Amino acid sequence: MEIAKSMELATLSHKQSSFAGPPHEALFLVLAYLPLFELLSMSEVCRSLRDAVEKDVLPWLNIIVERPLSLRLSDEILMKIASKANGRLRTLVLMYCAKITDDGLQRVIDQNPLISKLHIPGCTGLTPDGVIRALQKLSDCQDGLKSLWINGIANMKKEHLERLQFYLQTNQKLPQIQQKRQPLSYHNYRRLRAYRWEELGRVIDVELCPKCNEVRVVFDCPREECKRKRGNSMTGCRMCMFCIPRCEECGKCVENGDLEETVCADTLCLDCWIQLPKCNFCNKPCCTQHANMQIASTGSIGWICSVCHDKSHDFE
């Protein structure tokens with residue numbers, strides 16, 4: 001948020017200038033913190049920014065690939081981008097980059113053994129064995145990873161998780177990180193940036209679900225009664241999202257009989273269902289994440305959902 005404000009103020013200041021000149025200094029300061037798409041966009045603004053992006057190694061020490069670039073990122077493109085760090089890459093975040101393979105990831109790891117944060121959720125082209133090889137290489141060359149995010153890697157089993165945890169133990173700062181461990185709520189997880197995962201005191205994002213014994217993200221429940229169960233060493237509803245539904249708004253567990261209907265088909269508990277505004281026609285709410293499904297109702301207060309809006313046009 002602070003980076004976005006700095007960019008906005010700097011850009012506004014530059015536009016309001018009465019004469020053409022170099023970019024505001026704040027733009028150069030934020031380059032090292034930008035996701036890849038924004039970083040590449042900045043290189044198209046002017047020559048000085050292009051030179052700063054191309055020639056300075058600092059913006060490339062933390063590579064963060066999100067949509068829309070994640071859909072097009074290949075092994076060759078990743079290698080070309082990672083080479084700009086000159087072997088000093090520290091953070092590699094690949095969000096749902098389906099075209100990245102084990103070989104592509106390994107080549108980047110081999111040339112950048114100082115990586116301390118590796119986040120590759122939803123990279124379906126990777127395998128558990130490929131992730132293990134990458135982590136083994138990193139554990140041999142340094143103190144170990146501070147953060148590993150692998151949710152969505154297919155066929156991840158208990159034995160794979162145990163090997164990953166073994167290599168993560170090489171991080172000498174692991175006890176300090178785990179001391180900061182905080183409960184993980186489903187709704188916070190959905191909004192959490194991948195590269196801020198370690199703020200929760202967690203080195204790895206997945207664990208064995210107490211109910212299904214699958215390697216998945218396991219969530220804590222913010223309900224007071226569920227907190228008391230955890231305090232008494234009881235599992236309660238601490239499970240993955242496939243074992244128990246959770247409210248999109250507050251993260252509380254929701255029993256199957258208590259599921260409320262929504263426009264967006266997401267899960268809401270009764271408390272959140274009551275509080276959220278409803279469609280003027282079907283009286284169903286939609287969660288905050290899908291507020292784009294709300295269409296302002298002409299001639300009346302409130303809104304109608306996109307489903308009812310389309311139906312009303314069908315009868316015209």
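The following paragraphs lead through a predicted model of a protein, from its overall make-up to its cores, its cavity, two of its helices and several individual loop residues.

The protein has 316 residues, of which 45% are buried. Its secondary structure consists of 13 helices and 10 strands. Among contacts with a separation of 6 or more, 60% are formed by residues that lie 24 or more positions apart.

The interior may be considered next. In soluble globular proteins, nonpolar side chains tend to be buried together. The largest nonpolar core in this model has 57 residues, and the members that touch the most others are Leu 92, Leu 94, Leu 105, Leu 118, Ile 120, Leu 148 and Ile 150. Helix α7 (residues 128-141) supplies the largest share of this core, with 5 residues. A second, separate core has 18 residues, including Val 263, Cys 264, Trp 273 and Trp 303. Within the largest core, Leu 92 may serve as an example. When neighbours within four places in sequence are set aside, the contacts of Leu 92 are Ile 63, Leu 78, Leu 105, Val 108, Ile 115, Lys 117, Leu 118 and His 119.

Helix α5 (75-82) offers a view of how one element is arranged between interior and surface. Which of its residues are buried? They are Asp 75, Leu 78, Met 79, Ile 81 and Ala 82. Seen down the axis of α5, these buried residues fall within an arc of 165°, so they line one face of the helix. An α-helix has 3.6 residues a turn, so residues three or four places apart point the same way. On the other side of α5, Glu 76 and Lys 80 are exposed. The buried residues of α5 are covered by elements that include α3, β1, β2 (91-94) and α6 (102-111).

Helix α8 (residues 158-168) can be read in a similar manner. Its buried residues are His 160, Leu 161, Leu 164, Tyr 167 and Leu 168. Viewed along the axis of α8, they fall within an arc of 125°, so they line one face of the helix.

Attention now turns to empty space inside the protein. Rolling a probe the size of a water molecule over the atoms shows where empty space is left. A search of the whole structure yields 1 cavity of 30 Å³ or more, and the largest cavity has a volume of about 30 Å³. Its lining is formed by Leu 34, Pro 35, Leu 36, Leu 39, Pro 59, Trp 60, Asn 62, Ile 63 and Ile 64. Two or more lining residues come from each of α3 (36-42) and β1 (62-65), and β1 gives the most, with 3 residues. Classified by type, the lining has 8 nonpolar residues, 1 polar residue and no charged residues. Ile 63 belongs to this lining and is also in contact with Leu 92.

The loop between β1 and α5 holds both Pro 68 and Ser 70. Pro 68 is joined to Arg 67 by a cis peptide bond, with omega about 5°. Is Ser 70 buried or exposed? At 1% relative accessibility, Ser 70 counts as buried, because the limit for that class is under 20%. Apart from neighbours within four places in sequence, Ser 70 is in contact with Val 65, Met 95, Tyr 96, Cys 97 and Ala 98.

Another buried loop residue is Gly 201, with a relative accessible area of 1%. Gly 201 is located in the loop between α10 (186-191) and β5 (207-208). The C-alpha atom of Gly 201 is separated by 9.8 Å from that of Lys 146, and these two residues are 55 residues apart along the chain.

Two asparagines deserve a note on backbone geometry. Asn 155, in the loop between β4 (147-149) and α8, has phi near 65°, a positive value in a residue other than glycine. Asn 155 is exposed, with a relative accessible area of 59%. Asn 283 has a positive phi of about 60° and is likewise not a glycine. The position of Asn 283 is in the loop between α12 (270-275) and β9 (294-296). With a relative accessibility of 44%, Asn 283 counts as partly exposed.

Key:
Residues numbered from 1 in each chain as written. Predicted model: local features only at pLDDT ≥ 70, side-chain atom pairs only at ≥ 80, totals over all residues. Heavy atoms only, no water. Buried < 20%, exposed > 50% of the residue type's maximum accessible area, 1.4 Å probe, protein only. Helix = DSSP H or I, 4+ residues; strand = E, 2+ residues; numbered from the N terminus. Arc of directions from axis to C-beta. 1 Å grid on protein atoms, 1.4 Å probe; cavity = no way out; pocket = protein on both sides within 12 Å on 5 of 7 lines; lining within 4 Å. Points joined across faces, edges and corners; volume = space filled by probe spheres on them. Nonpolar A, V, L, I, M, F, W, Y, C, P; charged D, E, K, R; others polar. Core = buried A, V, L, I, M, F, W, Y, C linked by side-chain atoms within 4.5 Å. Contact = heavy atoms within 4.5 Å.
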